[in-house]
Amino acid sequence: MGGVYTVNLTVSDGSLTNMASVEITISASPSPSPIFRDDFETGDFSKWSEVVDAGEGQIVTNIKHGGSFGMRHGGQNGGASVTAGDVLLNVTERDEYYALQWWYFDPLYILPPPGGGPHYLRLTGPSGSFQLDFVIPDALSAIKLNCFPGNTGGNTVQKQTSYNPITDAIGGGKGVWQKWVVRFRLNTPGNADGLVEFWVNDTFIDSMTGNFRGTSTDQITRYLAVSNIGGNKILWPVNNWLYRDDIELWTTKPPGTP
Ligand SMILES: [Ca+2]
């Protein structure tokens, strides 16, 4: 704890004793804090730069991790041209971010059709440069890390993790809140030392390395909370809800993450 303290010093050589007092000032370390946080307690999306798709993306009161409000995504039904409610945050250009959020699959949630896996988040550069996605594959229902560099960058990098958000013992399941943290660090240009790390409920799940850049000057400029559930497949049920709350963006590892 910070403050001003007096320290008494005694030096003894067996015959003489010298005493002195010194005053020292100790500065408290500032508590780490996210650069962005939305618990949706404003009751709207006003903290975000843009609501990309209004659609079925709504503020809700029936399911929330904390407070009175949370966010809901709907499914994308191609037949009805329903959008799922994506929100976008423009962020300070950096090579690295940690994204934290609480995430909830509706008890009636069903696995998506081929090509229709929901996305957890996207961290991207300028349009067409690169994109990091978390995808829940169709039949496997385990999280896959995907990074799609742009046309001039490296190859698509993918890693199939073992974490199944519906059944995993670490904290998966429908109708329960799951805390997900992802670290995304761009590689140094020309090298495959980019890094993705993924934690669930403060347990490390997996990591992925690679060349994630589209161009050597790319930086992370946008953070999107997206879903893509259903992938605009015909007759996909719109009311296949996903919920989020307590979204945070950090430049350092969030406290509690090992
Ligand atoms: Ca809330």
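**Exercise 1. Find which residues Q160 is in contact with, leaving aside its neighbours within four places in sequence.**

Solution. Step 1: apply the contact criterion, under which two residues are in contact if their C-beta atoms, placed from the backbone, lie within 7 Å. Leaving aside neighbours within four places in sequence, Q160 is in contact with A142 and K144.

Step 2: look at K144. Its C-alpha atom and that of Q160 are separated by 4.5 Å, although the two residues are 16 residues apart along the chain.

Step 3: place Q160 in an element. It is found in strand β12 (residues 157-160). Strands (E, at least two residues) and helices (H or I, at least four residues) are DSSP runs, numbered from the N terminus.

Step 4: decide on burial. A residue is buried if 20 or more other C-beta atoms lie within 10 Å of its own, exposed if 12 or fewer, and partly exposed in between, with C-beta atoms placed from the backbone. Q160 counts as partly exposed because it has 15 C-beta neighbours inside 10 Å.

The model is predicted; local features need pLDDT of at least 70, side-chain atom pairs count only at pLDDT 80 or more, and totals for chains, interfaces and linings use all residues. Residues are numbered from 1 along each chain as its sequence is written.

**Exercise 2. Describe the chain as a whole: how many helices and strands does it have, and what pLDDT does it average?**

Solution. Step 1: count the elements. The chain has 0 helices and 17 strands.

Step 2: read the confidence. pLDDT is the predictor's confidence in each residue, from 0 to 100. The chain averages 81, and 79% of the residues score at least 70. Among the elements, the highest mean pLDDT (97) belongs to strand β3 (residues 36-38) and the lowest (73) to strand β9 (residues 119-124).

Step 3: take the totals. The chain has 258 residues, of which 37% count as buried. Of the contacts with a separation of 6 or more, 65% are between residues 24 or more positions apart.

**Exercise 3. State which strands pair with β17, and whether β17 is enclosed or not.**

Solution. Step 1: use the rule that two strands pair if DSSP finds at least two bridges between them. β17 and β8 pair in the antiparallel sense over 7 bridges. β3 and β17 also run antiparallel, joined by 3 bridges, and 3 bridges join β6 to β17, again antiparallel.

Step 2: find residue partners. D38 has I247 as its bridge partner in β17, while M71 is partnered by R244. Y243 in β17 is the bridge partner of R72, and Y104 stands opposite Y243 too.

Step 3: judge the burial. β17 is largely enclosed by the rest of the structure because 7 of its 9 residues are buried.

Step 4: follow β6 (residues 70-73) onward. G70 and R72 point one way and M71 and H73 the other way, and all are buried. β6 pairs with strand β5 (residues 58-60) in the antiparallel sense over 3 bridges, where Q58 has R72 as its bridge partner.

**Exercise 4. Identify which members of the largest nonpolar core touch the most other members.**

Solution. Step 1: recall that a nonpolar core is a set of buried Ala, Val, Leu, Ile, Met, Phe, Trp, Tyr and Cys residues joined through C-beta atoms within 7 Å.

Step 2: list the members. The largest core holds 44 residues, and Y97, A99, L121, L123, V182, F184 and V196 touch the most other members. Strand β8 (residues 96-105) gives the most to this core, with 7 residues.

Step 3: take L123 as a case. Leaving aside its neighbours within four places in sequence, L123 is in contact with Y97, A99, L132, F184, I220 and Y223.

**Exercise 5. Two residues other than glycine, F40 and D202, have positive phi. Where is each found, and is each buried or partly exposed?**

Solution. Step 1: F40 has phi near 65 degrees and is found in the loop between β3 and β4. F40 is buried because 25 other C-beta atoms lie within 10 Å.

Step 2: D202 has phi of about 65 degrees and lies in the loop between β14 (194-200) and β15 (203-210). D202 is partly exposed, since it has 14 other C-beta atoms within 10 Å.
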